[in-house]
Amino acid sequence: MDTQNLEKAAIKIQSWWRGNLVRRTLLHAALRAWVIQCWWRSMQAKMLEQRRRLALRLYTCQEWAVVKVQAQVRMWQARRRFLQARQAACIIQSHWRWHVSQTRGLIRGRYEVRASRLELDIEILMT
């Protein structure tokens, strides 16, 4: 073998070796990039899940607040209607009691006024 063939063979071996080194370096870089991308995607998924849970928690808090306010308003309305009905019942009862007391003993009779004395003839009917 002459020196020219040896140089060509050495150049082929060197280029093959450099190609292997470059391919290995590129493979390691690609693997590292892939690992970083996987980590970043998992972090994004975790952050998205945290934001989703926070939004859900805020939504449920707002919904419970609305439900509580609605319950308070309904209770206030029901209590107001109850108090109005109770007041109406008390008024009706008081009027009825007055009416009953006025008509319980119906007094019928006649009377005459004379100059010196009062003469009464009273008939009391109990109903």
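**Salt bridges, aromatic pairs and surface of a predicted model**

Arg52 and Glu49 form a salt bridge in which the closest N and O atoms are 2.6 Å apart. The coordinates come from a predicted model, and every contact described here should be read in that light. Arg52 and Glu49 sit 3 residues apart in helix H1 (residues 3-103), so about one helical turn separates them. Glu49 has a second partner: a salt bridge joins Glu49 to Arg53, with 3.2 Å between the closest N and O atoms. Here the spacing along helix H1 is 4 residues, again about one turn of the helix. Glu49, Arg52 and Arg53 are thus linked in a network of salt bridges, and the count of salt bridges comes to 2.

How exposed are the members of this network? Glu49 has a relative accessible area of 28% and is partly exposed. Arg52, at 47%, is partly exposed as well. For Arg53 the value is 52%, and because exposed means over 50%, Arg53 counts as exposed.

The aromatic side chains come next. The count of aromatic pairs is 2. Trp16 and Trp17 make up one of them, a tilted pair with 6.2 Å from centre to centre and 45° between the planes. The rings of Trp39 and Trp40 also have their centres 6.2 Å apart and their planes at 45°; an angle that is neither under 30 degrees nor over 60 counts as tilted, so this pair is tilted. As a general point, a pair of aromatic rings is described by the distance of the centres and the angle of the planes.

Accessibility adds some detail to these tryptophans. Trp16 reaches 52% relative accessibility and counts as exposed, whereas Trp17, at 43%, counts as partly exposed. Trp40 likewise has a relative accessible area of 43% and is partly exposed.

What of the cysteines? A search of the whole structure finds 0 disulfides. Cys38 is partly exposed, its relative accessible area being 31%, and Cys61 counts as partly exposed at 48% relative accessibility.

Turning to the protein chain as a whole, 1 helix and 2 strands are present, and they follow the pattern α-β-β along the sequence. Of the 127 residues in the protein chain, 1% are buried. The accessible surface of the protein chain is about 12,500 Å², with 63% of that area belonging to carbon and sulfur atoms. A nonpolar patch on the surface, of about 420 Å², is made by Leu27, Leu31, Trp34 and Val35. Val35 lies in helix H1, the helix that also holds Glu49 and Arg53.

A final word concerns confidence. The protein chain has an average pLDDT of 86, and 80% of the residues score at least 70. Which elements mark the two ends of the range? Among the elements of the protein chain, H1 has the highest mean pLDDT (94), while strand S1 (residues 105-113) has the lowest (54). Where pLDDT is low, the predicted coordinates should not be read in detail. The salt bridge between Arg52 and Glu49, by contrast, lies in helix H1, the element with the highest mean pLDDT.

Note on methods. Residues numbered from 1 in each chain as written. Heavy atoms only, no water. Phe/Tyr/Trp six-rings, centres within 6.5 Å; stacked < 30°, edge-to-face > 60°. Buried < 20%, exposed > 50% of the residue type's maximum accessible area, 1.4 Å probe, protein only. Disulfide = S-S within 2.5 Å. Areas by Shrake-Rupley, 256 points an atom, 1.4 Å probe, with all protein chains shown as cover. Salt bridge = Lys/Arg side-chain N within 4 Å of Asp/Glu carboxyl O. pLDDT = per-residue confidence, 0-100. Patch = residues over 30% accessible without salt bridge, like charges linked within 9 Å, V, L, I, M, F, W, Y side chains within 5 Å.
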